[in-house]
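This report describes one protein chain, with attention to its aromatic residues, its internal space and a few individual residues. The sequence and the model come first.

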Amino acid sequence: MKITFEDGNTLTFTSEGGEVVENTADVINVTYWLWAFASPRVYNRFSRVPPREHVLRLLDIYIAYVKKGARVAAPQFRPVHYERRLALAIRLRELFERWTGPDLAEEMMTISRALIEHEGIKAPACGWDAHEDPEADGIKFEDSLLWPEGVPAILKGQWPPKQPSR
């Protein structure tokens, strides 16, 4: 998936070596999924279980992104141990290969939390176990994730939010 803006520019990231990283929207979506897997209160409120094949596809994209040394955002803290991502992502993929759902093993939650940290993203201030569904503008977190059919909030016409008339 590529995001193209009205001016024709696309959303891309580059690796440390300057190589363009494709599938950036999917990489961002993997990060959102990791957040859900890291937050038991969020994940356990989902009305459905993500298909294993979908999660594996996203993890494959994430692993390719990590192998390029890419980063999705400026770090929120330092130091960030980017070098730890690959082994963790591969292990998470192995766990999802055997996953039958709906419950997540503790190791899956722990690795998801570590991957978010190793992307330079801070954990929620309340802690992962206390973190609630971060509903925004009436959109449930579940509906803001990329599912096989797309992002439900977009498909339902909830995104982008309506701008007030001037």
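Trp33 has a relative accessibility of 2% and therefore counts as buried, the limit for that class being under 20%. The model is a predicted one. Trp33 lies in helix α1, and its ring takes part in two pairs described here, one with Trp147 and one with Phe46.

The ring centres of Trp33 and Trp147 are 4.9 Å apart and the planes meet at 75°, so this pair is edge-to-face. Trp147 sits in the loop between α6 (141-144) and α7 (152-155), and the pair links distant parts of the chain, 114 residues apart. Trp33 and Trp147 are both buried.

In total, the structure holds ten aromatic pairs. One of them joins Trp33 to Phe46: the centres lie 6.1 Å apart with the planes at 80°, so this pair too is edge-to-face. Phe46 belongs to the loop between α2 (40-43) and α3, so the pair ties helix α1 to a part of the chain 13 residues away in sequence. With a relative accessible area of 11%, Phe46 is buried. A pair of rings is described by the distance of the centres and the angle of the planes. The two pairs are listed below on those terms.

| Pair | Distance between ring centres | Angle between planes | Geometry |
|---|---|---|---|
| Trp33 and Phe46 | 6.1 Å | 80° | edge-to-face |
| Trp33 and Trp147 | 4.9 Å | 75° | edge-to-face |

Ring pairs also build a wider group: Trp33, Phe37, Tyr43, Phe46, Phe96, Trp99 and Trp147 are linked into a cluster. A charged group meets one member of this cluster, as the charged end of Arg48 sits over the ring of Trp147 at 3.7 Å from the ring centre. Elsewhere, the charged end of Arg71 is placed over the ring of Tyr82, 3.7 Å from its centre.

Which residues line the largest cavity? The lining is made of Val30, Trp33, Leu34, Phe37, Val55, Leu58 and Leu59. Trp33 and Phe37 thus appear both in this lining and in the aromatic cluster. The count of cavities of 30 Å³ or more is one, and the space in the largest cavity is about 60 Å³. Helices α1 (24-38) and α3 (52-67) each contribute at least two lining residues, and α1 gives the largest share, with four. By residue class, the lining has seven nonpolar residues, no polar ones and no charged ones.

The chain as a whole has seven helices and two strands. Along the sequence, the order of these elements is β-β-α-α-α-α-α-α-α. Of the 166 residues in the chain, 43% are buried. Among contacts with a separation of 6 or more, 64% are between residues 24 or more positions apart.

Two arginines can be described through their contacts. Is Arg85 buried or exposed? Its relative accessible area is 2%, so Arg85 is buried. Arg85 lies in helix α4 (residues 85-97). Leaving out residues up to four places away in sequence, Arg85 touches Tyr62, Tyr65, Val66, Gly69, Ala70, Arg71, Leu115, His118 and Glu119. Arg71 in that list is the residue whose charged end sits over the ring of Tyr82.

Arg52, in helix α3, has a relative accessibility of 29% and so counts as partly exposed. With residues up to four places away in sequence again left out, Arg52 touches Phe96, Glu97, Arg98 and Trp99. Phe96 and Trp99 are also members of the aromatic cluster. Arg52 and Arg98 are 46 residues apart in sequence, and their C-alpha atoms are 9.0 Å apart in space.

The backbone has two further points to note. Most peptide bonds are trans. The bond that joins Arg78 and Pro79 is cis, with omega about -5°, and Pro79 lies in the loop between α3 and α4. The peptide bond from Gly101 to Pro102 is cis as well, with omega near 0°. Pro102 is found in the loop between α4 and α5 (106-117).

Technical notes:
Residues are numbered from 1 along each chain as its sequence is written. This is a predicted model: local features need pLDDT of at least 70, side-chain atom pairs count only at pLDDT 80 or more; totals for chains, interfaces and linings use all residues. Side-chain values use heavy atoms; hydrogens and water are left out. On a 1 Å grid over the protein atoms alone, a cavity is a set of points where a 1.4 Å probe fits but cannot get out, and a pocket is an open set with protein on both sides within 12 Å along at least five of seven lines; lining residues have an atom within 4 Å of a point. Grid points are joined across faces, edges and corners, and a volume is the space filled by probe spheres set on the points. Ala, Val, Leu, Ile, Met, Phe, Trp, Tyr, Cys and Pro count as nonpolar, Asp, Glu, Lys and Arg as charged, and the others, Gly among them, as polar. Rings of Phe, Tyr and Trp (its six-membered ring) pair if their centres lie within 6.5 Å; planes under 30 degrees apart count as stacked, over 60 as edge-to-face and the rest as tilted. Buried means under 20% relative accessible area, exposed over 50%, partly exposed in between (1.4 Å probe, protein chains only). A charge sits over a ring if NZ of Lys or CZ of Arg is within 6 Å of the ring centre and within 35 degrees of the ring normal. Contact means heavy atoms within 4.5 Å.
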